[in-house]
Amino acid sequence: MLVRLKNIQVYAYHGAHAHEREHGGRFEIDVEYMPMVNNTFKSDDLADVIDYVKVQAEVVNVCTAKRYHLIESLCDAIASQILLAFPVEEVIVRVRKPGAAAGVVLDTIEVECRKTK
């Protein structure tokens with residue numbers, strides 16, 4: 001079973017430029033994970049599965065604990081923390097930075113990181 005958390009929104013202070021780290025901006029994060037044991041949901045008990053509220057809290061913690069110059073580094077840090085904190089086989093994290101100045105008009109810049117145990 002694959003679990004997806006889509007579009008977690010965090011205001012944080014990441015960016016390659018000083019003004020981005022000073023003024024901050026909105027980041028959008030998707031997390032997908034494969035629990036190590038796929039049949040624990042059959043008990044229909046929250047205690048037997050990975051609580052996605054706790055996954056969201058880890059994402060917010062990583063996003064706000066440190067300022068990253070690169071969203072690639074932020075994405076990797078989120079994926080690494082989820083692997084460390086939860087019994088998952090695989091995690092995929094996507095970080096988007098809407099309206100990032102890239103010299104052209106675009107909706108967002110997105111990076112993706114996939115990690116396995």
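This report describes the fold, one helix pair, the cysteines and one backbone feature of a predicted model.

## Overall architecture

The secondary structure of the protein chain consists of three helices and four strands, and these elements follow one another along the sequence in the pattern β-α-β-α-α-β-β. Measured out along its principal axes, the C-alpha trace spans about 50 × 25 × 20 Å.

Of the 117 residues in the protein chain, 37% count as buried. Among the contacts in the protein chain with a separation of 6 or more, 59% are accounted for by residues that lie 24 or more positions apart.

## Packing of helices α2 and α3

Helix α2, which covers residues 52-65, packs against helix α3, which covers residues 71-85, at an angle of about 140°, and the axes of the two helices are 9 Å apart. Because an angle over 145 degrees would be needed for a roughly antiparallel arrangement, α2 is classed as oblique to α3. The crossing of α2 and α3 is right-handed.

On the α2 side, the contact is made by Val55, Glu58, Val59, Val62 and Cys63, while α3 contributes Leu74, Ala77, Ile78, Gln81, Ile82 and Ala85. By residue class, the contact of α2 with α3 divides into nine nonpolar residues, one polar residue and one charged residue.

## Cysteines without a disulfide

A disulfide is a covalent bond between the sulfur atoms of two cysteines. Under the cut-off applied here, which requires a pair of cysteine sulfur atoms within 2.5 Å, the count in this model comes to zero disulfides. For Cys75, the closest cysteine sulfur is that of Cys113, and because the two sulfur atoms are 5.0 Å apart, they are too far from each other for a bond. Cys113 is likewise in no disulfide, with the sulfur of Cys75 as its nearest cysteine sulfur.

Both residues of this pair fall below the 20% limit for burial: Cys75 is buried, with a relative accessible area of 1%, and Cys113 is also buried, with a relative accessible area of 12%.

## A positive phi at Asn7

Which phi value does Asn7 have, given that it is not a glycine? The phi of Asn7 is positive, at about 65°. Asn7 is placed in strand β1, which runs over residues 3-12.

With regard to solvent accessibility, Asn7 counts as partly exposed, because its relative accessibility of 33% lies between the limits of under 20% for buried residues and over 50% for exposed ones.

Methods
Residues numbered from 1 in each chain as written. Predicted model: local features only at pLDDT ≥ 70, side-chain atom pairs only at ≥ 80, totals over all residues. Heavy atoms only, no water. Buried < 20%, exposed > 50% of the residue type's maximum accessible area, 1.4 Å probe, protein only. Axes fitted to C-alpha atoms, helices over the stretch in contact; angles between N-to-C directions. Parallel < 35°, antiparallel > 145°, perpendicular 65-115°, else oblique. Left-handed = near helix turned anticlockwise from the far one by under 90°. Contact = heavy atoms within 4.5 Å. Nonpolar A, V, L, I, M, F, W, Y, C, P; charged D, E, K, R; others polar.
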